[in-house]
Amino acid sequence: MAYPYVSDREVRVLSKYFGDPKQRRIDTYVERGGYGALKKALGMGPGEVVDVVKASGLRGRGGAGFPTGVKWSFMPKDTGKPHYLICNADESEPGTFKDRELIRWDPHQLIEGCLIGAHAMGAQHVYIYCRGEFFETTQVLAKALEDAYAKGYAGKDIFGSGKDIDVTIHLGAGAYICGEETGLMNSLEGRRGQPRIKPPFPAAVGAFGMPSTINNVETLSAIPHILTNGGDWYRQWGTEKSPGTKLFCVSGHVNKPGNYELPLGFPLIELIEDVCGGMRGGKALKAVIPGGSSVPIINAEETRACMLDYEGCVAVGTMLGCASVIVMDETTDIVKQVRRMVDFYAHESCGQCTPCREGSAWTAKMMKRIEVGRGTEEDLDTLMEVTQQMVGTTICVLSDSVAAPVQSSINKFRDEYLALIRRGERVGAA
Amino acid sequence: MSDVPFKNPGWAGNTGEFELSEDEVRGKDFVGERPKHAGHASGSATMPYMLPEKNPDAPLFEGEYQERFEKILTRYPDKQAALLPALGLAQELRGYVSPASMDRVAELLDLSPAYVRGVATFYTMYNKRPVGRYLVQVCTNISCSLCGADEVFDAFLSQTDTEPGATSSDGNFTVIEAECLAGCGFPTCVQINSEYFENVTPDEVPKILEHLKSRNTG
């Protein structure tokens with residue numbers, strides 16, 4: 001039995017047991033070496049654990065790519081206050097579908113990573129914030145966690161170390177913005193999931209006003225492997241600045257979409273043509289969004305030049321984000337797809353900041369107008385101007401995420417916008 | 001093995017080698033039937049979900065639900081943090097979160113009704129009005145849209161003879177558009193009550209609806 005989408009180009013570290021239902025069972029997980037990393041970590045000082053993670057060069061897998069070990073080292077020591085580790089499993093960036101797979105196929109890998117992280121940061125309680133739609137997924141996680149408690153791997157005096165670490169699964173209720181770390185903390189506290197102004201940063205004042213750190217599911221799932229094998233081992237894959245492996249979520253017009261775990265720095269075009277079996281129906285590639293809907297679109301030429309690591313994506317004017325590769329072939333209506341993304345952001349704007357609340361709504365209306373043939377060429381200039389005012393002017397980056405697809409698509413696919421505008425002019429729609 | 005009459009329920013698709021049952025893919029063989037009181041307190045907040053059978057007058061809370069509510073309270077440093085799970089519990093029982101339900105939850109958590117209203121209306125998963133036995137949420141965001149989600153959405157509407165957000169005359173189905181459900185590689189992704197159905201194509205829609213009508217669990 002093989003997981004439906006595998007490639008011999010993959011390096012399967014985190015995704016090794018995808019498609020193997022036995023891995024959910026704690027006895028199987030332990031037989032395969034599970035919870036060994038936790039035992040090892042508890043025998044080390046918290047600072048030593050942080051040092052191993054720092055040495056691995058692991059960077060946050062939620063999108064920003066901040067070095068995890070450095071983030072952990074921001075947590076204050078000996079404050080006497082409760083510390084919290086929060087696992088961000090609010091996976092809702094369009095194009096991203098890795099966290100759900102990581103949780104439902106290998107729940108103990110995540111639980112073990114959470115417990116190690118909690119030890120490293122002196123956290124007594126870990127909250128795993130899952131998006132509300134993940135009902136089936138969280139049932140698997142809840143059962144696995146129950147088993148971990150029963151075996152004494154979570155809860156009181158873990159492995160006789162005297163350490164008490166609790167883990168609680170918390171469900172969101174359908175709000176994209178709760179994936180933003182301070183929005184998530186507000187939501188966890190029973191508030192509207194509106195992001196907070198930083199500073200103060202979560203490591204100083206986080207959930208419930210206490211020092212907190214938020215890590216993505218994939219980040220924490222990598223931790224047991226790094227603890228077991230060491231930082232240098234992890235660095236055998238990837239690049240100097242982006243070490244390790246990463247799950248790439250490929251969706252859209254390829255023959256074999258799916259999750260593929262590859263070393264960072266993998267060429268994007270090989271991911272599409274080799275790993276994913278090429279374009280569906282042999283059609284030509286038109287555009288790719290390499291990091292989820294919040295990053296700029298790149299055209300076919302840029303796709304061929306793009307290397308999939310944090311720096312490689314920046315080099316072609318986009319971002320790796322959470323490595324959610326959305327592939328579009330020549331039949332794609334770019335304007336319609338951008339309008340769909342903008343509708344999404346307009347719907348998900350939390351409404352706190354005026355540039356985002358008003359800007360996303362007006363952008364959505366203008367995009368719709370162009371799509372139905374009632375736009376004018378001046379609308380494109382207005383769109384550029386409006387979205388420019390949405391960049392860097394708000395508490396969080398949701399607003400910037402509206403600008404990314406709009407501006408990049410107007411710059412790179414202006415002809416498609418103009419064709420719709422001209423067609424509308426011909427039939428007198430305007 | 002699965003006796004489901006269509007090719008790829010809730011998993012990554014009809015891909016030859018991958019021979020797991022529906023229960024193995026969904027994890028139901030592992031999870032089993034979770035008790036209504038939710039078992040260990042660590043997972044007590046994971047069970048708010050949509051059930052086919054709803055009782056708009058169900059008390060908030062009693063019996064096993066009260067037990068679950070109390071377990072939830074033990075997991076947070078303050079009562080307010082239990083608000084989202086408590087609203088979820090109310091919805092699980094009653095099928096939607098009415099103003100009266102919000103007021104009751106406010107009372108239980110020592111919050112003001114206005115505050116609870118403000119939070120409940122922020123989140124899209126709390127149904128503000130009753131829905132059918134099955135709430136069908138079709139993702140029409142970019143990855144699914146690229147692969148024909150609009151046609152799948154239309155097929156659900158025409159097969160259930162409803163408008164978006166309305167409930168079919170037999171009370172079985174409410175069909176709405178959803179934002180990305182994180183199943184982008186397996187389009188079109190559809191959430192029906194608590195389950196995901198993936199790789200859904202328009203011609204599979206009638207089979208899925210029959211399948212739902214023929215069983216009683218959600």
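User: What makes a pair of residues in chain B count as a contact, and what share of those between residues at least 6 apart in sequence join residues at least 24 apart?
Analyst: Two residues are in contact if their C-beta atoms, placed from the backbone, lie within 7 Å, and in chain B 65% of the contacts between residues at least 6 apart in sequence join residues at least 24 apart. This is a predicted model, in which local features need pLDDT of at least 70 and side-chain atom pairs count only at pLDDT 80 or more, while totals for chains, interfaces and linings use all residues. Residues are numbered from 1 along each chain as its sequence is written, and chains are lettered from A in the order in which they are written.

User: How do you know that the span of helix α6 of chain A agrees with what is expected?
Analyst: The expected span of a helix is 1.5 Å times one less than its number of residues, so the 15 residues of α6 (residues 107-121) of chain A should span 21 Å, and its end C-alpha atoms are indeed 21 Å apart. Just after α6(A), G122(A) takes a positive phi of about 65 degrees.

User: Why is α6(A) called mostly covered?
Analyst: A residue is buried if 20 or more other C-beta atoms lie within 10 Å of its own, with C-beta atoms placed from the backbone, and 15 of the 15 residues of α6(A) are buried. In chain B, 51% of the 218 residues count as buried.

User: How many residues does each chain bring to the contact between chain A and chain B?
Analyst: Chain B gives 56 residues and chain A gives 64 residues.

Definitions and conventions:
Helices (H or I, at least four residues) and strands (E, at least two) are DSSP runs, numbered from the N terminus. A residue is buried if 20 or more other C-beta atoms lie within 10 Å of its own, exposed if 12 or fewer, and partly exposed in between; C-beta atoms are placed from the backbone.
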